[in-house]
2 protein chains.
Amino acid sequence: MRIEILNTGTELMLGTTVNTHAAWLGGELFKLGLHVARQTTVPDGETIRDAMGEALERADVLIVTGGLGPTSDDLTREITAAVLGLDLVEDAAALRSMREFFAVRGRPMAESNLKQALAPAGAVVLPNPNGTAPGVYVPPGLNGRTNCAVFLLPGPPRELQPMAETEVFPQLRAMSGVSALTALELKFTGIGESDFHQGVDARLADITGLEYGYCAHIGEVDLRLIGPPDALACARALVLEKFREFLVSEDGTSLEATVVRLLTENRLTLATAESCTGGLISNRITDVPGASAVFTHGFVTYANAAKTSLLGVSQAELATHGAVSETVACQMAAGALCASGADIAVAVTGIAGPDGGMPEKPVGTAWIGLATRDGAVTAFKVFHPRNRHDFKLAVSQAALEAVRRCIISRKQPVTG
Amino acid sequence: MRIEILNTGTELMLGTTVNTHAAWLGGELFKLGLHVARQTTVPDGETIRDAMGEALERADVLIVTGGLGPTSDDLTREITAAVLGLDLVEDAAALRSMREFFAVRGRPMAESNLKQALAPAGAVVLPNPNGTAPGVYVPPGLNGRTNCAVFLLPGPPRELQPMAETEVFPQLRAMSGVSALTALELKFTGIGESDFHQGVDARLADITGLEYGYCAHIGEVDLRLIGPPDALACARALVLEKFREFLVSEDGTSLEATVVRLLTENRLTLATAESCTGGLISNRITDVPGASAVFTHGFVTYANAAKTSLLGVSQAELATHGAVSETVACQMAAGALCASGADIAVAVTGIAGPDGGMPEKPVGTAWIGLATRDGAVTAFKVFHPRNRHDFKLAVSQAALEAVRRCIISRKQPVTG
C-alpha cells in the first residue's frame with residue numbers, strides 16, 4: 001500500500017514553521033507497520049492542484065494536511081473536489097457541529113466559516129472536536145479517475161493528531177491488513193547509535209519480519225521496533241542481553257519521567273544543585289506531571305558566591321581546585337542534600353563556553369556530584385565539547401542518568 | 001526562478017528525525033527574496049530517481065540534501081549522474097581533501113569513503129570543511145536534458161548549513177539578480193499574530209515590493225520582512241508606530257538574550273525564584289553566552305518548605321492565601337533579592353496542572369513577582385490554560401518580559 005503525504009501551507013515554505021506533521025504521521029504509521037513513500041510540501045493556494053494530481057497517480061492513500069480553514073487561501077476542499085471531478089456539497093452534520101462549536105463558546109459564527117461545511121459529494125466528513133474545520137475522507141473509487149483514498153486533515157497539530165488517531169489510522173489499518181504487527185520503542189541513554197551498529201545491528205537485520213529504526217538525540221538513542229510479536233520478542237531479548245543497563249524505558253517514556261517514577265515508587269525525594277546547566281535539570285524534572293511529590297528544592301548556583309552561601313561550598317576549595325572540580329561537585333551535592341532534607345541530591349558544575357576554557361579544563365568539561373541520605377558522596381567527570389545548548393543538554397542527561405542508576409542500585413545490581 | 005528542495009533520507013519518513021532542512025533552507029532563501037515552490041521527501045535509495053527526474057522537469061534550481069555518505073544506501077551522487085546522463089568521475093581535489101580530513105584526525109580512511117570523491121563529469125565539487133562528504137553543483141545546461149541547476153548537499157545540518165551559506169546562496173543570489181532586497185526580523189512579545197491582523201496587516205499588504213510572514217510561538221510573534229530598503233523602512237515604521245512597546249529585537253535575538261544584554265549594559269544582576277516554571281527561566285537565561293556576568297542565583301522552590309526556608313516566605317501567608325497568590329509571589333521576589341544580593345529578582349508561582357486546580361485558581365493561573373534594589377515589590381497575574389509544557393513556557397516568557405520592561409523603565413518610558 002503506497003502512502004503519500006501532501007502538506008500544504010505557505011508558512012512551511014518560508015521557514016517560519018517546521019513541518020512536524022510529516023515526522024509525526026511517519027512515526028505513527030511506522031508503528032502500524034506502514035511506510036510513507038513520499039512526502040511533498042507546497043504553499044497554500046492553486047499550487048496544491050498539480051501536486052495533488054500527481055500524487056493521485058502514484059499513491060493508494062494520500063493524506064493531505066492544511067488549507068481547511070475559512071480564509072481565502074484555504075483551498076484544499078475546493079481543489080480536491082475539482083481534481084477528483086466531484087461536486088462540493090454542504091454537509092448538514094458538519095454545519096450543525098460547527099454552529100454548536102461557536103454556540104458553546106458564545107462566539108458568533110462568521111459567514112466565511114460556512115465553506116468549512118462543504119465536502120466533495122459522497123465523501124465522509126470527519127468530525128473535529130478540537131476546532132471548526134472538519135476533516136474529509138474520500139474513499140477509493142468514489143470517482144472514475146482514481147483508486148486512491150484521500151484524507152483531508154486540518155493544519156493545527158492539536159486538531160490533526162486526534163483526528164488522525166480516531167479517523168485515519170483505524171481506516172488504514174483495516175485497508176492494509178497488517179494488524180498483527182506490534183511496535184516497541186526502547187529508549188537508551190549512555191550509549192550511541194554506533195554502539196548498536198557495532199553491537200547488534202547485523203543480528204537485528206537477520207530477524208524475519210522485523211523492521212527497526214534508530215533515533216539518536218543528545219545522550220540518548222531510541223530504537224523503534226515493529227513486526228510480528230515473536231520477531232519483536234526476539235529483537236528485544238537480543239538488544240537487552242547486550243544493553244540492558246542502559247535501558248531507560250520500553251514505551252518511549254523520557255529519562256526525566258522515568259526518574260520521577262522511580263523516585264515516587266521508592267518514596268524518595270530529590271534536590272538539584274546546578275551551575276553550568278543553569279536550571280535545565282530541574283526544568284526537565286518539573287516537566288513531568290506529579291514531580292511536586294518528589295522534587296522539592298533546586299539551587300541554581302551560577303556564581304561562586306551562590307555556591308558558598310546556599311550550599312556551603314568552601315571558599316578555600318573554590319580557590320584551590322576551581323569551581324569545576326570533583327571537590328566542589330561533591331560539596332555542592334552534599335550542601336543541597338543538607339539544605340533541602342532530600343534523600344538524593346545531584347549537582348553539576350562545568351564549563352559551557354564559549355569562554356572560560358583552560359588547557360587542563362577545556363570547554364565541555366563538567367563534574368557531576370551525587371549525595372545520598374546514607375552519607376555517600378561521589379562525583380564523576382564528563383566531557384561534552386559541544387555548543388552551549390547541546391552541552392547543557394548532555395550534562396543534564398548524564399546527571400539524570402546518575403540519579404536513575406543511584407535509585408536502581410539501592411535495590412538491585414545495575415547490570416541485569 | 002522556480003526552486004525546489006528534495007530531501008532524502010529514510011529517517012525522515014519514519015518519524016525518527018524531523019525535517020529541519022526544509023524550514024532552514026526556506027527561511028534563508030526567503031531572506032534572499034527567493035521562494036521554495038515545492039519540497040519533497042523520499043527515503044534513501046532508488047526512490048530518489050523518480051522524484052529527482054520529476055523535479056528537474058519543473059524547476060530552475062533543485063537543492064538535494066542527504067545521501068552523500070559512504071554507505072550502500074547513499075546513492076544521491078550515482079542517481080544524479082544517471083538521471084542527468086553524465087558519467088561519474090573522481091575529483092582529485094575532493095579526494096585530496098578527504099585524505100587530509102582523516103589524516104588530521106589520525107584516523108584511517110575506509111575504502112567505502114572513496115566514492116565520496118566522485119562527481120558527475122563537469123560538475124563543481126563543493127568543499128566540506130565540516131565532514132567527509134563534499135557537495136556537488138551541476139550548473140544548468142551541463143547536459144542536453146535539463147536547464148535546471150542542481151546542488152547536492154550533505155545531510156548533517158552542521159555540514160549542510162555552512163556549505164549552503166558559502167557555496168549555494170551566493171550562486172542563487174547571482175542567478176536571481178534580487179540582490180537589492182534586504183530582510184528584517186522583528187520579534188515581539190505580549191501580543192499575538194491576531195493583533196497584527198487587526199492592526200497593521202492590511203497596511204503592510206499595500207506596501208509595494210514588500211513580502212512578509214509571521215511566525216507565532218508561545219508568548220511571541222516574529223514578523224519577517226523582506227523587500228527593497230525603502231519598503232522595509234516604511235513597513236518597520238508602520239509596525240513600530242503601533243507595537244513598539246512590545247518589540248524585543250530587530251535581528252531575531254531571543255527575549256532571554258535581550259534581557260541578558262540589557263542587564264549587562266546597565267550593570268545589573270538578576271536572581272530568579274521559580275515554583276511552577278521549575279527552573280525554565282534560569283535555564284533560558286543561562287542559554288545565553290555571558291549570562292554568568294549578570295545572573296548569579298536561582299531558586300527553584302517547588303515545595304512550600306523551600307519557599308519558606310530559602311526565600312523567607314511566611315508560613316502564615318502560605319496558609320492564608322495559598323502558594324499561588326500575589327502575596328507569596330511578592331515575598332518570593334523580595335526573598336530572592338535579599339538572599340542573592342541581586343539588583344532585580346523575578347519570582348513565579350502558579351498551577352501547571354494537570355492536577356491542583358481549584359475553582360478560584362484554575363490550572364493555568366500564575367502570579368509573577370518582581371523586586372528591585374530600590375525597595376519596589378510588585379506582582380501581576382497571568383492565565384495560560386495550556387498543557388504543562390506550554391504553560392511553563394508562557395509563564396517564563398511573561399516573567400522575562402517583566403524583567404525587560406523593568407530594566408527599560410528605569411531609563412525611559414515603556415511606550416515610545
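In the predicted model, strand S9 (residues 182-189) of chain A is joined to strand S11 (residues 220-227) of chain A by 8 bridges, and the two strands run antiparallel. Within this pair, Thr189(A) has Glu220(A) of S11(A) as its bridge partner. S9(A) is also joined by 2 bridges to strand S12 (residues 247-249) of chain A, again in the antiparallel sense. Here Lys187(A) stands opposite Ser249(A) of S12(A). Strands of a sheet pair through backbone hydrogen bonds, in either a parallel or an antiparallel arrangement.

A further sheet draws on both chains. This open sheet has 10 strands with mixed pairing, in the order S17(A)-S16(A)-S15(A)-S13(A)-S14(A)-S14(B)-S13(B)-S15(B)-S16(B)-S17(B). Strand S17 (377-383) of chain A and strand S17 (377-383) of chain B stand at the edges; each has a single partner strand, so one side of each lacks a neighbour in the sheet. From one strand to the next, the twist averages 15°.

At the chain A edge, S17(A) pairs with strand S16 (residues 365-372) of chain A over 7 bridges in the antiparallel sense. Thr365(A) stands opposite Phe383(A) of S17(A) in this pairing. In chain B, helix H15 (residues 388-409) lies across strands S13 (270-274), S15 (344-350), S16 (365-372) and S17 of that chain. Helix H15(B) runs at about 155° to S15(B).

Regarding confidence, chain A has an average pLDDT of 91, and 98% of its residues score at least 70. For the complex, the predictor gives an ipTM of 0.81 and a pTM of 0.82. Where pLDDT is low, predicted coordinates should not be read in detail.

Methods:
Residues numbered from 1 in each chain as written. Chains lettered and ligands numbered in written order. Predicted model: local features only at pLDDT ≥ 70, side-chain atom pairs only at ≥ 80, totals over all residues. Pairing = 2+ DSSP bridges. Helix = DSSP H or I, 4+ residues; strand = E, 2+ residues; numbered from the N terminus. pLDDT = per-residue confidence, 0-100. Axes fitted to C-alpha atoms, helices over the stretch in contact; angles between N-to-C directions. Contact = placed C-beta atoms within 7 Å.
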